[in-house]
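User: I would like to learn how to read salt bridges, a pocket and the confidence of a model. Could we begin with a single side chain and work outwards?

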Amino acid sequence: MPTWNSRGLRGSTLEDLINRTNEKYRENHLALIQKIPTPITPINIDKESRHITLAYFEQKSTVDYIGAVQGIPVCFDAKECNTDTFPLANIHEHQVEFMRQFEAQDGISFLLISFTHRDEFYYLRFADLLRFWERGAEGGRKSFRYEELDPAYFLPQVSGVLVPYLNVLQKDLESRG
């Protein structure tokens, strides 16, 4: 059974930036996106600080965020990468399947990837994720490279918005026709 410990805090900086972005979008009535907590069962709790020091995951998580943007259902996962190669092992099959089913219900699924060493954010469309995923499943690369990404889906810097993904989400919607 997978356990939780300090490793679980990886990505918390990215999640904090996205959470703050989502608050701003909510305040401006642009989107209502919620962080989905991963259910855990505590095993050890520090009695003084009342912090969980060891726990196990009750079930597989789906994605990090779910909600609606101007009436359009969206779900996405947040990932960090500190090199120019993103290993597909960072994405789980049940997550891809959830996103596939979400898209089949006319929702929009994507990944937000922080290339930390470049200080850049990327919006990976589900169609592109699926292409990389299927390539790996068919015996090809089990990763994708920075150079393989469509430059149009890097997030622009926007004053007052930490992870400005809505404009790129709009581009994704337009590309679907």
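Analyst: Let us begin with Arg176, which in this predicted model counts as partly exposed, its relative accessibility being 37%.

User: Which residue does the side chain of Arg176 meet in a salt bridge, and is that partner buried or exposed?

Analyst: The partner is Asp172, with N and O 3.0 Å apart in the salt bridge. Asp172 has a relative accessibility of 1%, and because the cut-off for buried is under 20%, Asp172 counts as buried.

User: How many salt bridges does the structure hold, and how should I read a pair such as Arg100 and Glu97?

Analyst: There are 12 salt bridges in the structure. For any pair, it helps to look at the distance, then the positions in sequence, then the exposure. The side chains of Arg100 and Glu97 meet at 3.1 Å, N to O, and since the two residues are three apart in helix H2 (residues 93-104), about one helical turn separates them. Arg100 is partly exposed at a relative accessible area of 33%, and Glu97 is partly exposed with a value of 33%.

User: What does the salt bridge between Asp64 and Lys35 tie together?

Analyst: The closest N and O atoms of Asp64 and Lys35 are 3.9 Å apart. Asp64 lies in the loop between strand E4 (52-57) and strand E5 (65-69), whereas Lys35 belongs to strand E2 (residues 31-35), so the pair ties together parts that are 29 residues apart in sequence. Asp64 is buried, with a relative accessible area of 13%, while Lys35, at 30%, counts as partly exposed. Both residues also belong to a network of salt bridges that includes Glu15.

User: How would I describe the second largest pocket, and which residues lie nearest its centre?

Analyst: One can take volume, lining and chemistry in turn. The second largest pocket has a volume of about 250 Å³, and of the 15 residues that line it, Tyr25, Leu30, Val69, Leu166 and Asn167 lie nearest its centre. Helix H1 (12-27) and helix H4 (166-175) are the elements that give two or more residues to this lining, with H4 providing the largest share, five residues. By chemistry, the lining divides into 10 nonpolar residues, four polar and one charged.

User: Where is the pLDDT below 50?

Analyst: The mean pLDDT of the protein is 88, and 88% of its residues reach 70 or more. Over residues 1-11, however, the pLDDT is below 50, although this stretch has 15 contacts in the model beyond near neighbours in sequence. Where pLDDT is low, predicted coordinates should not be read in detail.

Methods:
Residues are numbered from 1 along each chain as its sequence is written. This is a predicted model: local features need pLDDT of at least 70, side-chain atom pairs count only at pLDDT 80 or more; totals for chains, interfaces and linings use all residues. Side-chain values use heavy atoms; hydrogens and water are left out. pLDDT is the predictor's confidence in each residue, from 0 to 100. Contact means heavy atoms within 4.5 Å. On a 1 Å grid over the protein atoms alone, a cavity is a set of points where a 1.4 Å probe fits but cannot get out, and a pocket is an open set with protein on both sides within 12 Å along at least five of seven lines; lining residues have an atom within 4 Å of a point. Grid points are joined across faces, edges and corners, and a volume is the space filled by probe spheres set on the points. Helices (H or I, at least four residues) and strands (E, at least two) are DSSP runs, numbered from the N terminus. Ala, Val, Leu, Ile, Met, Phe, Trp, Tyr, Cys and Pro count as nonpolar, Asp, Glu, Lys and Arg as charged, and the others, Gly among them, as polar. A salt bridge is a side-chain nitrogen of Lys or Arg within 4 Å of a carboxyl oxygen of Asp or Glu. Buried means under 20% relative accessible area, exposed over 50%, partly exposed in between (1.4 Å probe, protein chains only).
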